[in-house]
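Let's take a friendly walk through this one, from the inside out. Have a look at the picture, then read on.

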Protein chains: 2
Amino acid sequence: MTATTTPAPEGTRLALIEAGIALFGQQGFAGASTRALSAHAKTNIASIAYHFGGKEGLRLACAEEIARRIQGVFLTPGPMPSTADEARATLHILLDRMVAYVVSGKQAGAMVPFILRELTEGGNALDVIYDHLVAPVHGRLCELWALATGSPADSETVKLTVFSLIGQIVYFRIGARVVVRRMDWPVIGPAEAKAISALLTGNLDRLLGPTRRG
Amino acid sequence: MTATTTPAPEGTRLALIEAGIALFGQQGFAGASTRALSAHAKTNIASIAYHFGGKEGLRLACAEEIARRIQGVFLTPGPMPSTADEARATLHILLDRMVAYVVSGKQAGAMVPFILRELTEGGNALDVIYDHLVAPVHGRLCELWALATGSPADSETVKLTVFSLIGQIVYFRIGARVVVRRMDWPVIGPAEAKAISALLTGNLDRLLGPTRRG
DNA sequence: GTCTATAAACAGATAGAC
DNA sequence: GTCTATCTGTTTATAGAC
């Protein structure tokens with residue numbers, strides 16, 4: 001059972017959502033005009049109203065699509081691990097995958113800024129993002145963390161720790177422009193993402209503490 | 001010597017900058033109209049062009065003012081510590097101060113979103129933010145981290161580690177709306193900031209590793 | 001479903017009185 | 001320095017042909 005219920009979009013509808021994710025993410029909701037959106041989607045202005053009822057409807061559809069895509073990356077399809085070591089290994093795998101996707105993935109370049117704008121603006125898309133993205137992903141990570149460390153998954157410490165882990169990752173995307181300047185990197189590509197992944201893996205191990213039997 | 005050179009603004013000029021920080025931070029640059037800005041500053045639309053040459057000029061002035069204010073909080077006025085233990089203690093003090101200011105401070109509610117928007121949009125204000133805010137603050141933290149751990153301040157690991165620390169902090173502000181839902185907190189006030197501060201202090205100690213003599 | 005044309009509201013900038 | 005009134009272009013939404 002996935003948290004999103006609407007079917008995957010296609011055709012003009014999908015093209016407009018792609019345009020929305022790209023332009024809303026780069027320039028903000030107000031900064032992206034319906035003309036620019038329809039041009040990016042290679043269609044006409046009226047199609048936004050036809051398919052989504054208006055610009056605001058497109059915003060919501062973008063949030064749903066982003067939640068669907070990120071869930072596919074951040075939620076492992078398999079069952080929950082049963083031992084602490086397995087949970088630890090799963091956290092490592094997820095961390096690697098999240099860093100690669102968020103920090104150097106092409107899609108996330110617009111998706112992460114889109115999400116963070118919606119978080120600060122507090123519009124209608126916020127409920128979609130919370131219910132379909134934050135709650136399931138954060139919840140799963142808390143369960144894994146709890147299994148790996150022995151702390152209860154719903155404890156304040158575990159929940160805050162998982163937020164701090166997510167913060168470490170997303171900052172490398174939203175702050176990418178200052179990170180590359182300070183690191184003297186040309187861009188954050190797969191090679192640079194590996195350096196970030198190595199660092200955050202080290203951080204993860206230090207925060208998890210020594211293994212139970214160690 | 002501070003990195004900012006322009007004098008602190010006052011009067012109508014200051015009121016417009018306050019309005020810019022508040023409205024640009026909440027709604028984005030494009031989302032804040034000159035009418036809304038001048039209304040918030042209790043002045044007329046023409047004063048934006050008079051004082052800043054236009055809306056874009058106000059954006060730059062806001063970036064400069066934000067850099068000035070955050071430097072005042074994030075850069076300790078005293079000299080660099082000389083021992084590892086002193087550096088560690090300074091990092092703890094700075095972390096507490098940064099969390100209190102960024103996570104529950106009233107000003108940061110609009111300032112942090114403003115900065116992150118500018119980072120992702122990549123406009124003219126980015127240079128101001130990098131030169132007057134990121135470079136000095138990140139540089140100072142790297143020096144302290146180097147002194148506390150013995151690693152070279154300009155090493156890739158230290159620079160990335162400091163970015164990961166900053167990411168942990170700022171996420172609790174930009175993601176505040178989802179954090180409060182997930183934590184079942186009414187708001188992130190001083191009490192909640194203390195819980196976050198305690199967690200991040202623990203993270204800091206684990207990432208710094210055991211003390212040299214310990 | 002797609003598109004052009006247009007309407008009605010809104011944007012940022014500015015002229016000119018005070 | 002401050003303000004009102006206005007100019008010019010752009011915005012979203014929609015009516016109606018195809």
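## The core

A nonpolar core here means a set of buried Ala, Val, Leu, Ile, Met, Phe, Trp, Tyr and Cys residues joined through C-beta atoms within 7 Å. Keep in mind that you're looking at a predicted model. Its largest nonpolar core has 128 residues, and Ile169(A) and Ile169(B) have the most contacts inside that core.

So who does Ile169(A) touch, leaving out residues up to four places away in sequence? The list is Met98(A), Val99(A), Val102(A), Val103(A) and Leu200(A).

## Two chains, one surface

Now for how the protein chains meet. On the chain B side, 45 residues are in contact with 45 residues of chain A. Six helices of chain B each put at least two residues into that side: H1 (11–27), H6 (108–121), H7 (125–149), H8 (156–174), H9 (176–183) and H10 (190–208). H8(B) gives the largest share, with 14 residues. Sort the residues on this side of chain B by type and you get 23 nonpolar, 14 polar and eight charged.

How do the two copies relate? Turn chain B by 180°, with 0.0 Å of shift along the axis, and it superposes on chain A with an RMSD of 0.1 Å. The copies are thus related as by a two-fold rotation axis. What's more, 100% of the interface residues of chain B are interface residues in chain A too, so the copies meet through the same surface.

## Around the DNA

Let's move on to the DNA, starting with strand C. This strand is surrounded by 18 residues, the closest being Ala46(A), Ser33(B), Thr34(B), Ala46(B) and Gly54(B). Both protein chains join in: chain A gives two or more residues from each of H1 (11–27) and H3 (46–52), while chain B does so from H2 (34–40), H3 (46–52) and H4 (55–74). By type, the residues near strand C come out as seven nonpolar, eight polar and three charged.

Strand D has 17 residues around it, and here the closest are Ser33(A), Thr34(A), Gly54(A), Asn44(B) and Ala46(B). The elements giving two or more residues are H2 (34–40), H3 and H4 (55–74) of chain A, along with H1 and H3 of chain B. H3(B) has the largest share of this surface, with three residues. Near strand D the split is six nonpolar, eight polar and three charged.

## A helix tucked away

Is H6(B) mostly buried or exposed? Of its 14 residues, 13 are buried, so the helix is largely enclosed by the rest of the structure. Its length works out as well: at 1.5 Å a residue, H6(B) should span 20 Å, and its end C-alpha atoms are 19 Å apart, which agrees. Just after H6(B) comes Gly122(B), with a positive phi of about 70°.

## Backbone oddities

Most residues other than glycine have a negative phi. Two residues of chain B are worth a look with that in mind. Lys42(B) has a positive phi, near 55°, and is found in the loop between H2 and H3 of chain B. Lys42(B) is exposed, with 10 other C-beta atoms within 10 Å.

The other is Asp184(B), where phi is positive at about 60° even though the residue is not a glycine. Asp184(B) sits in the loop between H9 and H10 of chain B. With 9 C-beta neighbours inside 10 Å, Asp184(B) counts as exposed.

How values were computed: Residues numbered from 1 in each chain as written. Chains lettered and ligands numbered in written order. Predicted model: local features only at pLDDT ≥ 70, side-chain atom pairs only at ≥ 80, totals over all residues. Contact = placed C-beta atoms within 7 Å. Helix = DSSP H or I, 4+ residues; strand = E, 2+ residues; numbered from the N terminus. Nonpolar A, V, L, I, M, F, W, Y, C, P; charged D, E, K, R; others polar. Least-squares fit on C-alpha atoms with pLDDT ≥ 70 in both. Near = placed C-beta within 6 Å. Buried ≥ 20, exposed ≤ 12 C-beta atoms within 10 Å, placed from the backbone. Expected span 1.5 Å × (residues − 1).
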